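Good morning, everyone, and thank you for making the time. Please have a look at the sequence and the structure before I begin, and then I will take you through the places where space is left between the atoms.

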Amino acid sequence: MQCSAIIVAAGSGIRLKLNAPKAFVPLRGRPLLHYSLQVIAALAEIVEAVVTVPAGMEPQARAEVVRAGVEIPVKLIAGGAERQDSVRIALGITSAESEIVLVHDAARPLATPALFAACMDATRRADGAIAAIAVADTLKRADGRTIAATVSRDSLWQAQTPQAFRRRSLIEAHDRAIRERWAATDDAELIERCGGRVELIESSATNLKITTPADLEIAEALAARILGG
Ligand code: CTP
Ligand code: MG
């Protein structure tokens with residue numbers, strides 16, 4: 001099945017507090033975006049990539065595409081105000097010949113090609129498939145700083161990316177989101193709201209999302225172990 005990959009990398013990284021767009025912050029000397037591009041380069045099913053970047057960062061992104069050795073066509077496009085807008089903009093320029101679209105956050109540099117492949121593969125039997133991990137911590141609902149209730153973690157999962165969907169379904173879901181003013185923090189939610197069945201692909205905590213300075217420190221340590229050195 002032919003697949004287009006969307007890498008969303010247009011965020012500003014406010015919570016990382018480095019005064020730089022997050023996808024261009026270095027991890028072991030390479031911008032976060034570099035790692036997702038390398039994964040894409042390793043997967044034969046992916047025939048093209050669309051990368052959303054902050055307006056004006058196209059030259060830096062193009063340089064990373066070259067450095068990562070990506071040989072498939074890569075379209076760079078300025079992202080939108082929110083992540084959901086960025087995905088919609090990117091989807092709009094994916095090839096109509098791709099049956100499957102993979103969406104991945106550049107903020108998750110340690111996702112593996114195997115995880116991408118497992119998500120793509122699961123779209124044969126479901127409307128979508130996402131990387132996720134079962135919740136391990138005990139969860140509290142709060143009223144200010146006072147615990148109001150303990151929430152059972154049974155059957156609760158933390159959603160990650162990559163996330164894979166049929167391209168047509170994802171376009172329809174995003175169109176409907178505009179019409180009905182849905183705001184979602186991931187694409188699976190839009191497919192769910194449209195009645196689609198989305199499968200959970202068990203991932204690992206090493207596929208962390210870099211949000212805060214502490215996450216970047218953890219990722220540096222993990223990357224040293226996973227990538228050597
Ligand atoms: N993203 C995007 N377009 C946006 C917002 C986010 O392409 N308008 C991307 C980010 O680049 C990131 C992913 O979506 O790879 C997840 O977003 P998040 O972790 O929130 O990153 P930022 O928005 O950059 O961080 P912050 O919210 O702290 O500013
Ligand atoms: Mg954000």
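Before I turn to the ligand, one cut-off is needed: I shall call a residue near a molecule if one of its heavy atoms lies within 4 Å of it. I should also say at the outset that what you see is a predicted model.

With that in mind, which residues are the closest to ligand 1? There are 19 residues around ligand 1, and the closest of them are Val8, Gly13, Ile14, Ser86 and Lys209. If we sort this shell by class, we find seven nonpolar, six polar and six charged residues.

Let me now go through some individual contacts, each of which involves an oxygen atom of ligand 1. A polar backbone atom of Gly11 is 2.8 Å from an oxygen atom of the ligand, while for Thr52 it is a polar side-chain atom that lies 3.2 Å from a ligand oxygen. At Ala107 the partner is again in the backbone, where an N or O atom lies 3.3 Å from an oxygen atom of ligand 1. As for how much of the ligand is covered, ligand 1 taken alone exposes 560 Å², and the protein buries 88% of that.

Where does ligand 1 sit? The space that it takes is the largest pocket, and this pocket holds about 680 Å³ of space. Its lining is made up of 27 residues, of which Gly11, Ser12, Arg15, Glu82 and Arg83 are the closest to the centre of the pocket. Helix H3 gives the most to this lining, with four residues, and by class the lining has 12 nonpolar, eight polar and seven charged residues.

Next comes the enclosed space. How many cavities of 30 Å³ or more does the structure hold? It holds one, and the space in the largest cavity is about 30 Å³. The residues that line this cavity are Arg83, Gln84, His174, Ala184, Thr185, Asp186, Asp187 and Leu190, and they divide into two nonpolar, three polar and three charged. Two helices, H3 (83–91) and H6 (187–193), each supply at least two residues of that lining.

Finally, I would like to point out two features of the backbone. The peptide bond that joins Thr161 and Pro162 is cis, with an omega of about 15°, and Pro162 itself lies in strand S10, which covers residues 157–166. The other feature is at Lys17, which has a positive phi of about 60° although it is not a glycine; Lys17 lies in the loop between strand S1 (3–8) and strand S2 (26–27).

That is where I will stop, and I am happy to go back to any part of the model.

Methods
Residues numbered from 1 in each chain as written. Chains lettered and ligands numbered in written order. Predicted model: local features only at pLDDT ≥ 70, side-chain atom pairs only at ≥ 80, totals over all residues. Heavy atoms only, no water. 1 Å grid on protein atoms, 1.4 Å probe; cavity = no way out; pocket = protein on both sides within 12 Å on 5 of 7 lines; lining within 4 Å. Points joined across faces, edges and corners; volume = space filled by probe spheres on them. Nonpolar A, V, L, I, M, F, W, Y, C, P; charged D, E, K, R; others polar. Polar contact = N/O pair within 3.5 Å; in protein donor to acceptor, adjacent residues only side chain to side chain. Areas by Shrake-Rupley, 256 points an atom, 1.4 Å probe, with all protein chains shown as cover. Sits in = over half its atoms within 2 Å of the grid points.
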